[in-house]
Amino acid sequence: MNKILITGVNGQIGTELSQKLLAKVGPENIVGLDIRPALPPYAFPHETIDTTNKEAIRQVVEKYRIDTIFHLASLLSARGELNPDQTWDVNMGGLKSMLDIARGTGIKIFWPSSIAVFGPNSPKDNTPQNTILDPNTMYGITKRAGELLCQYYFDKFHVDVRSVRFPGIISHETEPGGGTTDYAVEIFYEAIRNKVYTSFVREETCLPMMYMEDAVRSAIEIMLAEKEQVKVRTSYNLAAVSFTVTEMVAEIRKHIPEFLCNYAPDFRQAIADAWPRVIDDSRARQDWNWQHEYDLSGITQDMIENLRQKLQMT
Ligand SMILES: NC(=O)c1ccc[n+]([C@@H]2O[C@H](COP(=O)([O-])OP(=O)(O)OC[C@H]3O[C@@H](n4cnc5c(N)ncnc54)[C@H](O)[C@@H]3O)[C@@H](O)[C@H]2O)c1
């Protein structure tokens with residue numbers, strides 16, 4: 001990890017991963033890339049490029065002598081259902097660009113998959129690494145196809161591509177970009193701003209979640225693991241905690257007792273219903289020593305503290 005390219009750098013994960021990597025390797029060793037222009041504080045070079053433009057990406061990789069790519073640019077699950085054609089083009093086209101560019105160069109790639117690879121017939125509890133994968137969203141289909149493409153490029157062209165199936169990511173720095181688990185972030189903003197939130201999934205909806213600190217650390221740790229440790233070359237199940245909306249509400253009320261949550265499920269309920277409640281991530285724990293740090297109470301406390309400061313509502 002000497003010269004790092006981060007695609008989708010303006011997004012929920014990219015903004016925080018770039019800050020963590022910046023502290024590790026310095027601004028001269030990071031390049032951000034997004035279809036949108038750079039966001040302040042402009043700490044490292046930024047290229048405004050569509051990841052499906054393979055030749056433009058290749059030029060960036062050569063210009064900066066990139067040896068590591070964190071490929072995060074993507075359309076997410078809920079937004080993807082509103083534009084399935086574009087989701088296929090961006091998610092598959094972007095990943096294939098990166099894998100092709102890495103062929104024969106020794107460039108290492110991190111690419112996140114998602115719990116969206118699971119579908120209505122996947123086991124909902126303790127969902128194993130290898131099981132029925134029948135995603136029913138275009139996003140999930142691109143993630144499953146992407147996992148197989150990664151395995152193929154590893155086997156056939158020796159591209160060192162590493163991947164985890166992220167659960168819903170909770171964070172306070174950048175608002176999420178159109179996923180089904182966005183309610184688990186929005187709820188904190190609304191609890192602080194208005195003391196009331198209307199959830200787009202039902203109260204008993206239970207999904208696997210992870211705090212951003214843990215998510216960013218997992219991406220860096222799998223990239224730093226020895227090659228032989230990374231035995232799953234599709235994508236590792238990765239988990240931290242699972243909880244219902246009711247459990248979140250109860251935890252938030254410990255800090256904001258007057259908080260109220262209403263429920264108005266929309267099309268995202270059906271997506272959530274097809275996903276697992278609890279994931280078995282024992283392979284990641286065994287192979288490269290994955291461990292999460294934040295549970296629901298730790299996430300809630302940190303989110304509330306940080307959002308109160310950010311929204312200046314102490
Ligand atoms: N956030 C989550 O809860 C979650 C969960 C599972 C997996 N993931 C995966 O993690 C990755 C990052 O997710 P995120 O939450 O940061 O997403 P996000 O929507 O917040 O950010 C995605 C970024 O990609 C950029 N982008 C979109 N299309 C592009 C294109 N064609 N070319 C260049 N840039 C483009 C967007 O401008 C945006 O800044 C994605 O692969 C996503 O599938 C995220």
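Helices and strands here are DSSP runs, numbered from the N terminus. With that naming, Arg202 lies in the loop between β10 and β11 (206-211). The model is predicted.

**Exercise 1. Place Arg202 in its surroundings.**

Step 1. Start with burial. A residue is buried if 20 or more other C-beta atoms lie within 10 Å of its own, exposed if 12 or fewer, and partly exposed in between. Arg202 has 15 other C-beta atoms within 10 Å, so it is partly exposed.

Step 2. List its contacts. Leaving out residues up to four places away in sequence, Arg202 touches Tyr263, Pro265 and Gln269.

Step 3. Take a long view. Arg202 and Pro27 are 175 residues apart along the chain, and their C-alpha atoms are separated by 43 Å.

**Exercise 2. Find how the chain is divided and how the parts meet.**

Step 1. Read the division. Domain 1 covers 4-168 + 211-237, and domain 2 covers 171-209 + 240-310.

Step 2. Add the spacing. The centres of domain 1 and domain 2, taken over C-alpha atoms, are 23 Å apart.

Step 3. Describe the contact. Domain 1 puts 40 residues into it, and domain 2 puts in 35 residues. On the side of domain 1 that touches domain 2, the elements giving two or more residues are α1, α3 (77-82), α7 (212-224) and β12 (236-237). The largest share of that side, six residues, comes from α7.

Step 4. Sort that side of domain 1 by class. It has 16 nonpolar, 15 polar and nine charged residues.

**Exercise 3. Where does the ligand lie with respect to domain 1 and domain 2?**

Step 1. Look at the shell. There are 29 residues around the ligand, and Gly8, Gly11, Ser74, Phe166 and Gly177 come nearest.

Step 2. Find the elements. Those giving two or more residues to the shell around the ligand are α1 (12-25), α4 (84-102) and β9 (168-170). Of the elements, α1 gives the most, with three residues.

Step 3. Count the classes. The shell around the ligand holds ten nonpolar, 16 polar and three charged residues.

Step 4. Conclude. Both domain 1 and domain 2 give residues to the shell, so the ligand lies between them.

**Exercise 4. Work out the strand order of the open sheet, and examine β2 within it.**

Step 1. Write the order. The open sheet has six strands, β3-β2-β1-β4-β5-β7, with parallel pairing.

Step 2. Find the edges. β3 (46-48) and β7 (161-162) each have a single partner strand, so one side of each is left without a neighbour in the sheet.

Step 3. Check two pairs. β1 (residues 4-7) and β2 are parallel over four bridges. There, Thr7 stands opposite Leu33 in β2. β5 (residues 108-110) is joined to β7 by two bridges, and these strands also run parallel. Ile109 stands opposite Val161 in β7.

Step 4. Test the burial of β2. Five of the five residues in β2 (residues 30-34) are buried. In a regular strand the side chains alternate between the two faces of the sheet. On one side of β2 are Ile30, Gly32 and Asp34, and on the other are Val31 and Leu33. Both faces of β2 are covered.

**Exercise 5. Which residues of α8 are buried, and how are they arranged?**

Step 1. Name them. In α8 (residues 245-253), the buried residues are Val245, Met248 and Ile252.

Step 2. Look down the axis. The buried residues of α8 fall within an arc of 55°, so they line one face of the helix.

Step 3. Recall the helix rule. An α-helix has 3.6 residues a turn, so residues three or four places apart point the same way.

Step 4. Find the cover. The elements over the buried residues of α8 include α6 (183-193), β10 (196-199), β13 (241-244), β14 (260-263) and α11 (296-310).

**Exercise 6. Inspect the backbone at Pro41, Tyr42 and Lys195.**

Step 1. Begin with Pro41, in the loop between β2 and β3. The peptide bond from Pro40 to Pro41 is cis, with omega near 15°.

Step 2. Move to Tyr42, in the loop between β2 and β3. Its phi is near 50°, a positive value in a residue other than glycine. Tyr42 has 10 C-beta neighbours inside 10 Å, so it counts as exposed.

Step 3. Finish with Lys195, in the loop between α6 and β10. Its phi is near 65°, again a positive value in a residue other than glycine. With 13 C-beta neighbours inside 10 Å, Lys195 counts as partly exposed.

How values were computed:
Residues are numbered from 1 along each chain as its sequence is written. This is a predicted model: local features need pLDDT of at least 70, side-chain atom pairs count only at pLDDT 80 or more; totals for chains, interfaces and linings use all residues. A residue is near a molecule or strand if its C-beta atom, placed from the backbone, lies within 6 Å of it. Ala, Val, Leu, Ile, Met, Phe, Trp, Tyr, Cys and Pro count as nonpolar, Asp, Glu, Lys and Arg as charged, and the others, Gly among them, as polar. Domain bounds come from an automatic or database domain assignment. The arc is that of the directions from the helix axis to the C-beta atoms. Two residues are in contact if their C-beta atoms, placed from the backbone, lie within 7 Å. Two strands pair if DSSP finds at least two bridges between them.
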